[in-house]
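Colleague: I am new to this structure and would like a close look at one part of it. Please start there, then lead me outward.

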Amino acid sequence: MQARKQVRALCEKERFSAASMFLTGSGLSPEDHPGLWAYLARLSHRSDDDPVAHKIRQTIWNAGDRSADVALREANYFLTQEDYQSAIFVLKSVFGETPGVRRAWHLLATAYLRRAELESARSRLRTIRSEAEQLDTCFDAQSPEEAATIIDLLRLSGALDRATERNADARQRFPQDPRFVHREARILEQKRNPAAAVDIWRDVAAIDPKMRVAALFKIVQLTQFLGRDEEAFAAIAELARMPLRLPERLRLALVSGQHQMINSLVRLAALGGSRNEPLTHADGIRVTDMLLDAGYIGLTVWLRRQRLPVSKDTRAVLSAAGFGSTGLQPLPDTVEEALALRSPDFMLPLQSYLDRREKPSGWPGMRLEPGRVLLVNGTLGGGGAERQFVALVQALVADGMPAENLHCGFFSLEPERGFDRFLPELAELGVPIHDMRSRTVSNPTVPREVTSVIDTLPLELREDALALWHLVREVKPDALHGWQDRAGLAAGLVGELAETERVIMSLRNTAPDTRRDRRLMSYKALYQDFLNGQNRWVTANAKDAGKDFARWLERDESEIHSLKNGIDTERFHPGILRPRTGDEPIRLGGLFRLAANKCPILWLDCVSALRHDFGISLTPVLRGNGPMQGEIEEHARKVGLEDLDLQTGLSEPSDLYGQMDAVLLVSRVEGIPNVLLEAQACGLPVAGTDVGGTAEAILRRGEAAGLLLPFPAEAGELAKAVASWLPAAVSAPSAPRVNFVKRSFGLQALAGNAMRLYLGQTERQP
Amino acid sequence: MTSIPGDRLGLVGQWTDPVSQLLQDFPAEAKTRFVEMNDPSADIARVDRVLVLSQQYALAYLPELLSAQCPVQILVRRSEGPHDQLSWQSGIQIFSASLRNADRTDHITLVALSSDAAEVLSKELGMPVAPLPELPVHPGKRPPVAVKRDDPVLTFTMETASEGRETRRVRQDVLNWARLRRLGAPLAADTQDEDMVDLCEFAGGSHECPAPARAKSMESPCMVVVVPNGTGLGHVTRMMAICKELQEAAGVRSIFWSYSRAAEIVQASGFEVILRQNAVHLKAHPPHWRQWETAEFASVLKGVGAKLVCYDGGSFDPFIVNALRHPGCGHIGVLWVRRGMMRPETDASMLESEQYCDLVLEPGDLASEVDIGPTRVRTAEHRGFSRAIESKPMTLKPHLPSYSRREAKRKLELGFGKHCLVSLGGAFGDWSQLKRLISEESRANKVRIVWAKSPLAPPLTDSDPDTVVRQFFPLNRYLNAFDGVITAAGYNSFHELMLGYEGPVLLAPTNNVRLDNQEARAKYAGSRGWADVITSDNIAEQGEIMKSFMRQVSRKEKITTRPSGSIRDKGITAPIIDLFDLYS
């Protein structure tokens, strides 16, 4: 009684620390007198982040009193201290993984989200799907904060459908809160509908001055992805006229790829920013992190030498890469030298950088069995290259390669983003499939030598390389085969890091400069280095693609090997077509990704001209997926093709080609167009623009011959050529086309060519 | 370019950009003060007009340029070649969109490097682009120099008096283009690099734009002498000798940019001195120090109107070369005074500094016959446009006559009797043994020892009351006070003694790892009978040598075998004065 009085008296004077000491000194332990301590704890936490209150709660917690009140206050305290693991532990200990107390639920969601943010330093922000989905089942959000937290948790975990639902609900309930508009745009972007996201960001930029800069940056990023250059330029120009802070301005320079702009702004950063607006410590860290993520390691080093702050992570990366005070890398003295020092180029030749012993000439020789092969691709989305990936696996299995030895790895197979389109077909083949995004890494430790390379890479390559390195370490393949450019780059790097016996990099389409891909263009030296490795083979799927890459890489075209596409003629055959009746309009089809490089607008204009200017009776048929769907539908109406039969999300051969009598492609960029091969395998006449490997993919002789169209060309010009070819082509016999595909692009040929690479029977050019 | 004489032109962009360097060749810009705007938002108020060196730089600071209260010219550049085409095309479109939608652009004009470029760029941008005025052609025959942007080294052929046609190399990043166009005729090696084609055409100038008549300047030609932080006085002494010659021959004003504590001596000799501190002195972060030093040095060069930078030392600190690349520093030549007789193991890469220079002057060395150092046996890979000349040995003697014995003794407060001067270097095998020998033999021969204290040395800690210590400079003026000299064999002491002193000399060359091959020099003198030599490797003979030397001192012997004749070399001034003419 006396003690309680004393404690109360001390608490009234706000002498909580003294009260705590009094209780301890009086031998009144929390185990024996929990009420007294709880009383003190309650009074003392005027603010949850009060360290005295925390000490008292800690004493109570340690004594085994894990009450809801103590847990909530402790969790709150840990959140303010950025100790998210402790917050999660405290909450889970008391409330379990699916809290039934609303406040605990929100705190746990917040802790998950903040932990992900903290862990995402130098990588993309991701949350754990199972945790997000568990929490989502607990409560309906009642406040905008709760809704925003749970939506972020869901969308960053990849649970996009649920995130969409929750966001729609939040938009209805909190119509004035702009955050849910932004989240809708972000979810649309994640769901591969960037065109719709752009529209939202445009509205945001127009009405919300606070979000204008962020919205414009989003528009730049998305329109660049969509290949809508004019819009991207306009948004960059608008940002350029705005009085941005230095980090934002540098970001603008980086996204617009203007080196002198970067150079100039980095020099200003080295001065500590403008005298009118000095850089803060956080700005300095942001600037250096941004540069490192973009591969400008030299500028990062230079700015560090100019005493600009760098983050702890960046400091560790620079030091591991030899740019520390005792490192072996020469330090750039001028900004020009620094600008030229880019990652990964500074590590080339990679073999020397890693101090690998030189192998004897002829290594790694030939094998009798391919051993274990790891085939890697970005996704299994609905593109031609992904289809070819499956065809290759199918061909190899059919050719006798044991399925268990043919591992397939993907950077992501997220269903809600459409990255698993061909997963069922692949799974049917019985090969081990690894989703690098969701798989659990058994041993996350990475040797220093490996981190010193991977951590310095530009962000996008860094993440791929790390994920693939873990997979390669577990699978231990004898041959590592990167299927498309992105996977090829990662495979080339990881193959060297893991000392894989054989590495095959299959390039697709055309060289990066032809397809105006600035990001890939920056890896030119890396590709060149790959070509120097004795155990590395670079392949292209078309002769012209090989030539184009050889030109870009300034190498002889014989150094790029051919690995032509393969078509499963048992799936694609004339029997899947619905024959046309005599007086029916010609069903002129197109099957391609609905993206700028396939020129869908030109395709519509050409078809419109065939109908309206050349009097061809036709039905336009379009199949495909992609970001331009909305735009295509609108343009079709505009040019008098209201009857356009556009269907997306199809994968069955009969759904794709069954309703077509001829196929037309007017792409700007192509490798070997699968569509033309598949269409001909079905017996359909085809016409395509003379880009990439189109000429190789079309039967060119006889009455069943296809049509090679000039490119670039106006819609009218294309239509004129098609009009004079089409009527006879649809009446011609289909057998020559079918035989042409079987002969040159059958699965057997593909398996044989791939197997030769895995066995080392394809000679490397000196 | 239209300018008001003396106005301030703010440059936005990289100051090493050839265009910013070539601007000073416009007659109208002769008096312009070029202000490098590293921080345009703050600097824009300090200038009268602005030139932005490319559309990309303009994009970096567009809000500041659009709201500027002074005229702004933006130089629109063409692509640097196929690899740059995509980025350039994007840049042009962004730039065009930025200006087209700007509220106010009436103060902005777009310019290009040539008429062709202006025409093409006008079409690309959809807005008028005017060509910059043409530069005057620089008279005289110059070797064509093919410039390739990504080749760090320029290779060209030039006629030399000694070798005829000779292939030369120079790093591209060491030359200011205003200087390059005086020394050579730049040509674009890669015609796909349209910007380089434009630059070279612009740098070549036009015959329709005649060079302005060269007015006789009322001001003295000015040279800035960079003195490194050496341990001896050799650098300073040689440079003062050259400066005195140039002063007499052409009234050249010499300003010393000195890191040496000898600055006081230089100033006392009547020269202007700018005393500097290096990064070590200041405990500064070297890159920061270098940046600051570059900017300061460039500012002084422009401020004093220097036409020549002279350096006497081993390797050039980059700040010198970097400063010479600043806008407004392109009409300055470089003279390197580089002593021979380097130790054979000296890293020959130091010779590569020849590429920075117009003239490499090697002060003659009496022992050059035994010179096997890199300056004698190696050739620099990068020699640039430099040529090399050799002079007679160089000392201050012709300019500062010696005192009579009486006067010298009085000035040194030595009194009567026989005196031997001891002036030793920093390292010599067993020091205590040598000191003991000097002490014993001088006492035995009744010779008083006078220890010379270098003006650069810290105060002596030796408190022996019998020790006579004197500090004086230069040595030659006081030599008559002494009956013998024991000295190290550095260039300066050696030549002052061998060319202007009659008494016995004992050379005790230092054997530390400095560049100077003192042992070879001393042994050569010994072999010719000019001096006795005591070295750290002849320990057994040291006693006898010292004994014999002190006897000679005691007997006041005269040595008659030393070289004679005039040591003044007026011939060295002509090629240096030619440089002043070239850059005027």
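Colleague: Which strands of chain B does helix α12 (residues 286-304) lie across, and at about what angle does it run to β12(B)?

Modeller: First, some ground rules. This is a predicted model: local features need pLDDT of at least 70, side-chain atom pairs count only at pLDDT 80 or more, and totals for chains, interfaces and linings use all residues. Residues are numbered from 1 along each chain as its sequence is written, chains are lettered from A and ligands numbered from 1 in the order in which they are written, and side-chain values use heavy atoms, without hydrogens or water.

Now your helix. α12 of chain B lies across four strands: β11 (222-227), β12, β13 and β14 (308-312) of chain B. To β12(B) the helix runs at about 170°. Helices (H or I, at least four residues) and strands (E, at least two) are DSSP runs, numbered from the N terminus. Contact means heavy atoms within 4.5 Å. Axes are lines fitted to C-alpha atoms, for helices over the stretch in contact; angles run from 0 to 180 degrees between N-to-C directions.

Next, the sheet under discussion. It is open, has seven strands and pairs in parallel, in the order β13-β12-β11-β14-β15-β16-β17 of chain B. At its edges are β13 (272-275) and β17 (387-390) of chain B, each pairing on one side only. Neighbouring strands of this sheet are turned by 20° against each other on average, direction ignored. Two strands pair if DSSP finds at least two bridges between them. Take β12 (residues 253-258) and β13(B): four bridges join these parallel strands. There, B:Trp257 stands opposite B:Ile274 of β13(B). In a regular strand, side chains alternate between the two faces of the sheet.

Chain B has further parallel pairs. Strand β18 (residues 418-423) of chain B is joined to β19 (residues 447-452) of chain B by five bridges. B:Lys418 has B:Val447 in β19(B) as its bridge partner. β19(B) also runs parallel to β20 (residues 468-470) of chain B, with three bridges between them. Here B:Val450 stands opposite B:Val468 in β20(B).

Now to chain A and its helix pairs. Two packed helices are described by the angle between their axes and the distance between the axes. Start with α3 (residues 34-44) and α4 (residues 51-62) of chain A: they pack at about 155°, with axes 9 Å apart. That makes α3(A) roughly antiparallel to α4(A). Angles under 35 degrees count as roughly parallel, over 145 as roughly antiparallel, 65 to 115 as roughly perpendicular and the rest as oblique. The crossing of α3(A) and α4(A) is left-handed. Left-handed means that the near helix is turned anticlockwise from the far one by less than a right angle; right-handed means clockwise. Residues in this contact include A:Trp37 and A:Leu40 of α3(A), with A:Ile56 and A:Ile60 of α4(A). By class, the contact of α3(A) with α4(A) has seven nonpolar residues, two polar and one charged. Ala, Val, Leu, Ile, Met, Phe, Trp, Tyr, Cys and Pro count as nonpolar, Asp, Glu, Lys and Arg as charged, and the others, Gly among them, as polar.

A second pair is α16 (residues 259-270) and α18 (residues 297-305) of chain A. Their axes come within 9 Å and cross at roughly 20°. α16(A) and α18(A) are therefore roughly parallel. The crossing is right-handed. From α16(A), residues including A:Ile262 and A:Val266 meet A:Leu299, A:Trp302 and A:Leu303 in α18(A). The contact of α16(A) with α18(A) counts seven nonpolar, no polar and one charged residue.

Charges come next. Over all chains, the structure holds 89 salt bridges. A salt bridge is a side-chain nitrogen of Lys or Arg within 4 Å of a carboxyl oxygen of Asp or Glu. One joins A:Arg286 to A:Glu248, with the closest N and O atoms 3.1 Å apart. This pair links distant parts of the chain, α17 (residues 281-293) and α15 (residues 246-256) of chain A, 38 residues apart.

Last, the backbone. Most residues other than glycine have a negative phi, and most peptide bonds are trans. A cis bond joins A:Leu348 and A:Pro349, with omega about -5°. A:Pro349 sits in the loop between α20 (335-340) and α21 (350-353) of chain A. The bond from A:Phe711 to A:Pro712 is cis, with omega near 0°. A:Glu554 has a positive phi, near 60°. A:Glu554 lies in the loop between α29 (543-553) and β9 (560-562) of chain A.
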